Amino acid sequence: MRDFTAYVRRHLQRSSLPAQGARARSYDDIVEELASELEARYASRLQRGESDEDAWRAAIAEIPSWLHLARDLAAAMPAGGAHERRTRFARLTRAVSLDHWSRDIRMSWRSLRKDRGFAAAAVVTLAIGLGGHAAMLAAVNATLLHPLNVPEPDRIYLMANQYPRVDSSRLSGVSAAPDFDDRRVHITTIEDQAMYNFTAGTIESGSVPARIRGIAGTPSLLRLLRARVAYGRLFVESEGTIGSDQAIVLTDGLWRELYGADPNVIGRVIRLSGRDVTIVGILQPGFMFGGTDVRFYIPLAFTDRQRSDEARHTNGWLSIGRLKPGATIEQARAELAALDQLNIDRLPQLKPLLLNAGYYTSINPLQDFVVRDVRGPLTLLWVAAFVVLAVGVANVASLAVARSRARLSEFGTRLALGARRLDILRQFIVEGLLVSAAGMSAGLLLALWLRSLPATILIGRDTPPIDALVVAASAAAAVLAGLVIASVSAFSLVTLAPGALMQQGAHTGTRSRASRATRRTLVIAQMACAFVLLVGAGLLWISLRNLLALDTGLRSEGVVTANMSLPATRYATADDARGFATRSLETIRRLPGVTAAAITSAVPLSGNYQSGIIMAEGYTPEPGEPVISGIRVAVTPGYFEAVGTSLVAGRYFDDRDNDSASTSLIIDEALARRFWPNGDAVGHRMFRPENPRQITSVDSNTRWLTVVGVVRFAKLRGPAAIEVTTGAFYLPYAVSAPREFGYVVRSHADNSAVIGELRTALASIDREAPLFDIRTLDELTSLSLMSRTSTMRIASMFATVALFLSLVGLYGTLAYLVSQRRREFGVRVAVGGTPRHILGLVLREGLVLALAGVAVGGGATFALRRALAAQLFGIGPSDPRVLLIITISLTAIAMVASLVPARGATRVDVMKTLKAD
Amino acid sequence: MNPPPEEHTLKKGTAELLVLAQLEDGARHGYDIALRIEQRSSGAVSFNVASLYPILYRLEAQGAISGWWVERAGQRRRRFYKLTAAGRKRLLQQRQVWSAFMVAVQRAAGLEYA
């Protein structure tokens with residue numbers, strides 16, 4: 001074959017042609033065209049039987065004078081940009097360049113269609129990886145990036161009173177009522193402050209009263225959140241005072257549900273928990289604060305007492321504010337520190353206590369507070385999804401390497417015929433991008449289905465939307481994946497000379513060693529990723545089991561709980577509440593199968609709890625020791641029997657403690673040990689300071705309580721909750737008789753039967769006192785662990801997919817390696833090797849790959865241990881048992897996956913392989 | 001071998017017409033165009049690569065023809081040309097011009113038109 005291209009290039013000087021604009025015919029194009037023309041004439045002469053020498057001479061005679069030709073060509077083609085832009089020629093050449101890409105796309109499409117196996121496998125693998133990743137990205141986007149759906153959410157800060165030496169488990173989020181006035185006056189860097197808390201109410205819609213959640217907030221709240229009304233108005237300042245606060249603002253959702261989007265409800269009076277309130281406004285749709293289950297807003301009005309010094313440090317509300325434009329958080333912190341100092345000095349009796357407790361006011365972005373529980377799990381899951389994607393891309397890259405080896409001779413021929421390496425590379429890129437684009441489309445569809453999975457981890461949100469950010473990020477990931485695949489495919493192309501490509505034996509030697517090493521590395525990386533994910537999922541599973549098996553101090557089988565809220569208008573006094581309590585408990589205890597029933601101010605595991613300071617008579621705290629604060633629960637007799645908390649000393653509550661003047665007290669072992677480490681707590685006296693003054697000075701007004709019993713420590717907030725470990729104390733319900741309380745009922749009977757009868761029994765006492773949130777204690781336990789359960793499930797899913805993809809990769813690579821070593825196996829068999837010997841060779845290869853993957857994975861697990869540790873319970877991130885089990889399992893499964901190619905290797909036909917050379 | 005100068009001048013004038021005419025019934029590549037011209041004129045008129053290509057490029061620059069690359073598996077890529085709408089109009093024009101000219105010359109020089 002004569003090289004006409006080189007010949008033309010040699011004779012046609014680039015400089016003899018005028019400088020061309022970007023759209024003009026390029027020198028290379030001219031060279032190529034002339035060369036192909038000469039070659040065509042040469043070829044047809046050869047065909048006619050002329051000798052090679054004659055044909056060649058005749059062909060090159062077609063161009064007698066290169067100088068004249070260059071001159072004529074230059075004259076024929078206009079130079080320069082402006083002229084070209086005007087002529088149709090310019091438009092034509094533009095079409096030519098687009099022509100490149102559209103041709104590449106057509107060729108790639110054809111090539112992929114011919115190799116449907118590869119295309120299908122690649123698209124499916126990428127779809128799985130990109131889909132899972134997109135779903136987690138959507139969750140992260142909705143939850144971590146936009147947790148508050150209000151304008152400028154990053155300027156909203158939460159201020160809270162912290163007592164780190166009393167309870168250092170984590171940051172508290174609440175403040176006391178007097179802080180509202182203080183902060184409005186003293187913190188000038190914050191504009192627009194508000195206080196609020198979550199509340200619930202019963203709205204009578206139709207015949208059935210429905211229990212709905214809402215927010216009680218100062219009138220400034222909705223203004224601060226820049227809420228807009230569709231009808232009516234927001235609250236005015238005057239509605240923040242007692243007596244003028246019978247107003248309510250509904251969310252769009254609630255308005256549609258109750259009143260069918262009737263705009264004339266403004267001004268209507270409705271009954272909320274037995275109180276009359278007037279609807280003053282309907283919020284615009286799309287406004288969401290505090291979770292999708294917040295459906296109404298009522299004004300928060302503090303009593304004078306709540307605003308007084310006596311109520312300082314009785315923290316129960318969330319205090320937020322917007323940072324003024326231009327102000328910095330450091331300025332706000334400084335102002336808060338100054339205010340703290342002012343407050344510490346304000347009440348001299350409290351000062352030492354506050355200093356001991358390490359009191360200060362924290363200020364942090366509200367967004368951080370809102371997501372603090374889900375940030376960890378979601379981030380880990382997203383990383384896991386990304387790892388799965390990487391494993392998938394590695395698989396597709398492996399496949400692409402194999403595919404590109406099969407097309408080597410095709411490329412060699414094209415290169416020899418004048419194609420540029422750039423053209424072929426461009427085709428690889430287009431192929432890679434086509435595959436990844438298809439994978440991304442399928443993946444996004446998959447993500448639409450998968451995105452509901454992490455929903456239970458999300459805070460008060462519906463399924464996260466697949467919005468522009470998610471699509472853009474997925475597209476970026478897809479493009480990256482496509483380019484990775486293209487570059488891996490083109491790697492061998494770049495390093496080989498065209499002649500070498502065309503030879504049959506191109507699959508031996510250094511190049512094939514490089515591609516074998518690439519595939520081996522990919523498999524090891526995949527196995528390592530699968531190992532890490534498996535270990536992570538395994539650890540999460542064990543953590544969950546540990547939590548479920550934890551001795552919570554409660555026996556939850558057969559216990560039904562429910563909540564009750566007595567309407568204020570009909571149960572105005574504590575006596576009314578007590579009366580109802582007694583009557584209802586009598587009725588419930590008579591129900592068949594019930595062994596114990598009681599009322600409590602906070603149902604265990606329901607998320608409600610209150611805490612209070614408790615002090616023991618005669619106990620002198622060490623200097624610097626903070627006050628002791630425990631969970632405070634009011635219970636009727638029968639409570640401990642109902643929830644299954646056992647008695648350690650003394651007695652349970654009984655009828656002696658059923659009146660309002662009772663001074664009985666039961667504490668748990670934690671408190672008992674704290675105050676009386678050596679002796680018996682029973683019989684000793686304790687008291688609860690009702691205001692800050694009483695903390696330090698006991699006087700004749702002190703209300704003394706006597707410890708009548710000590711019970712086991714109970715995890716009232718759930719097995720996973722970071723417990724206030726100082727303990728809990730129980731007071732008789734009859735003393736405070738709150739109108740909001742819960743029932744706990746232990747029974748032999750079937751749970752659903754109990755629930756039905758409970759409802760009927762209470763309805764028979766008072767139709768209008770609704771029972772709600774009826775759940776068994778087992779259900780409450782599961783609910784409290786729901787976030788962890790979801791995390792574990794999703795992590796397991798990712799781990800399984802990664803494992804599967806890795807095994808596919810291992811299988812593919814071993815099969816490829818076997819086919820590469822066919823000749824070697826043929827030789828071995830020819831010189832007397834047994835099939836078992838060959839089998840062993842291949843299995844050993846698989847074993848080495850798997851163990852290498854485990855080793856790398858083990859190293860990665862060790863490196864990531866701290867990130868993982870935060871999500872675990874009762875087990876360390878480097879727990880050797882888990883690592884061992886996963887190592888053995890992964891290796892065993894890998895061995896099984898290696899069997900098929902190994903057995904294929906033993907069936908090598910000696911004669912065929914040796915003859916093939 | 002260079003053609004005699006008179007023929008060269010005549011050929012120069014009719015070159016565009018000849019090239020355009022070969023593309024009338026379809027797209028062709030350069031070698032094909034040259035081949036057809038040679039065949040249809042029974043060898044009297046022939047273009048070598050050096051003569052043909054400047055004409056092709058000029059025609060393309062003027063928008064009378066449009067060219068594109070075709071790549072077939074296993075073959076070097078070739079450039080094909082086709083007539084554009086403007087090219088067709090030009091072919092028609094050129095034909096009319098040359099016919100009229102031939103008639104005029106015939107009359108003036110006393111030729112018999114074969």
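**Exercise 1. Two salt bridges at helix α8**

Arg346(A) has a relative accessibility of 35%, so it counts as partly exposed. The model here is predicted. Task: find the salt-bridge partner of Arg346(A), and decide whether that partner, Asp182(A), is buried or exposed.

Solution.
- Step 1. The side chain of Arg346(A) meets that of Asp182(A) in a salt bridge, with N to O at 3.7 Å.
- Step 2. Arg346(A) belongs to helix α12 (residues 329-346) of chain A and Asp182(A) to helix α8, so this pair ties together parts 164 residues apart in sequence.
- Step 3. Buried means under 20% relative accessible area. Asp182(A) has 9% relative accessibility and therefore counts as buried.
- Step 4. Helix α8 (residues 177-186) also holds Asp181(A). Asp181(A) forms a salt bridge with Arg307(A), and the closest N and O atoms are 3.0 Å apart. Since Arg307(A) lies in helix α11 (residues 304-307), this pair ties together parts that are 126 residues apart in sequence.
- Step 5. Asp181(A) is partly exposed, with a relative accessible area of 25%. Arg307(A), at 29% relative accessibility, also counts as partly exposed.

**Exercise 2. A salt bridge inside one helix**

Task: state how Glu53(A) and Arg57(A) are placed in helix α3 of chain A, and which network they belong to.

Solution.
- Step 1. The two side chains, of Glu53(A) and Arg57(A), form a salt bridge of 3.5 Å, N to O.
- Step 2. Helix α3 covers residues 52-60, and the two residues are four apart in it, so about one helical turn separates them.
- Step 3. With a relative accessible area of 52%, Arg57(A) is exposed. Glu53(A), at 36%, counts as partly exposed.
- Step 4. Salt bridges with shared partners join Arg2(A), Asp52(A), Glu53(A) and Arg57(A) into one network.
- Step 5. Over all chains, the count of salt bridges is 49.

**Exercise 3. Positive phi angles**

Most residues other than glycine have a negative phi. Task: describe where Glu152(A) and Asp192(A) are found, and what their phi values are.

Solution.
- Step 1. Glu152(A) is not a glycine, yet its phi is positive, about 50°. It sits in the loop between α7 (116-145) and β1 (156-162) of chain A.
- Step 2. The accessibility of Glu152(A) is 45%, so the residue counts as partly exposed. Apart from residues up to four places away in sequence, Glu152(A) touches Arg226(A) and Arg322(A).
- Step 3. Asp192(A) has a positive phi too, near 55°. Its place is in strand β3 (residues 190-205) of chain A, and at 29% relative accessibility it counts as partly exposed.

**Exercise 4. Nonpolar residues inside and on the surface**

Nonpolar side chains tend to be buried together in soluble globular proteins. Task: say which residues touch the most other members of the largest nonpolar core, and which residues form a nonpolar patch on the surface with Val900(A).

Solution.
- Step 1. The largest nonpolar core has 50 residues, and Met136(A) and Leu810(A) touch the most other members.
- Step 2. Elements giving two or more residues to this core include α7, α14 (366-406) and α19 (510-549) of chain A. The most comes from α27(A), with 13 residues.
- Step 3. Leaving aside neighbours within four places in sequence, Leu810(A) is in contact with residues including Val523(A), Met527(A) and Leu849(A).
- Step 4. A second, separate core has 46 residues, among them Ala35(A), Tyr57(B), Ala64(B) and Ile65(B).
- Step 5. On the surface, Tyr811(A), Leu899(A) and Val900(A) form a nonpolar patch with about 260 Å² of accessible area together. Val900(A) lies in helix α31 (residues 880-906) of chain A and counts as exposed, because its relative accessibility is 51%.

**Exercise 5. The two chains side by side**

Task: set out how many helices and strands chain A and chain B have, and what share of the residues is buried in chain A and in chain B.

Solution.
- Step 1. Chain A has 32 helices and 23 strands. Chain B has four helices and three strands, in the order α-β-α-α-β-β-α along the sequence.
- Step 2. In chain A, 50% of the 917 residues count as buried; in chain B, 43% of the 114 residues do.
- Step 3. Among contacts with a separation of 6 or more, residues 24 or more positions apart account for 80% in chain A and 49% in chain B.
- Step 4. As for confidence, the model scores ipTM 0.86 and pTM 0.71. Chain B has an average pLDDT of 82.

Technical notes:
Residues are numbered from 1 along each chain as its sequence is written. Chains are lettered from A and ligands numbered from 1 in the order in which they are written. This is a predicted model: local features need pLDDT of at least 70, side-chain atom pairs count only at pLDDT 80 or more; totals for chains, interfaces and linings use all residues. Side-chain values use heavy atoms; hydrogens and water are left out. pLDDT is the predictor's confidence in each residue, from 0 to 100. Patches are made of residues with over 30% relative accessible area and no salt bridge: like charges are joined within 9 Å, nonpolar side chains (Val, Leu, Ile, Met, Phe, Trp, Tyr) within 5 Å. Accessible areas come from the Shrake-Rupley method with a 1.4 Å probe; for residues, only the protein chains shown count as cover. A salt bridge is a side-chain nitrogen of Lys or Arg within 4 Å of a carboxyl oxygen of Asp or Glu. Buried means under 20% relative accessible area, exposed over 50%, partly exposed in between (1.4 Å probe, protein chains only). A nonpolar core is a set of buried Ala, Val, Leu, Ile, Met, Phe, Trp, Tyr and Cys residues joined through side-chain atoms within 4.5 Å. Contact means heavy atoms within 4.5 Å.
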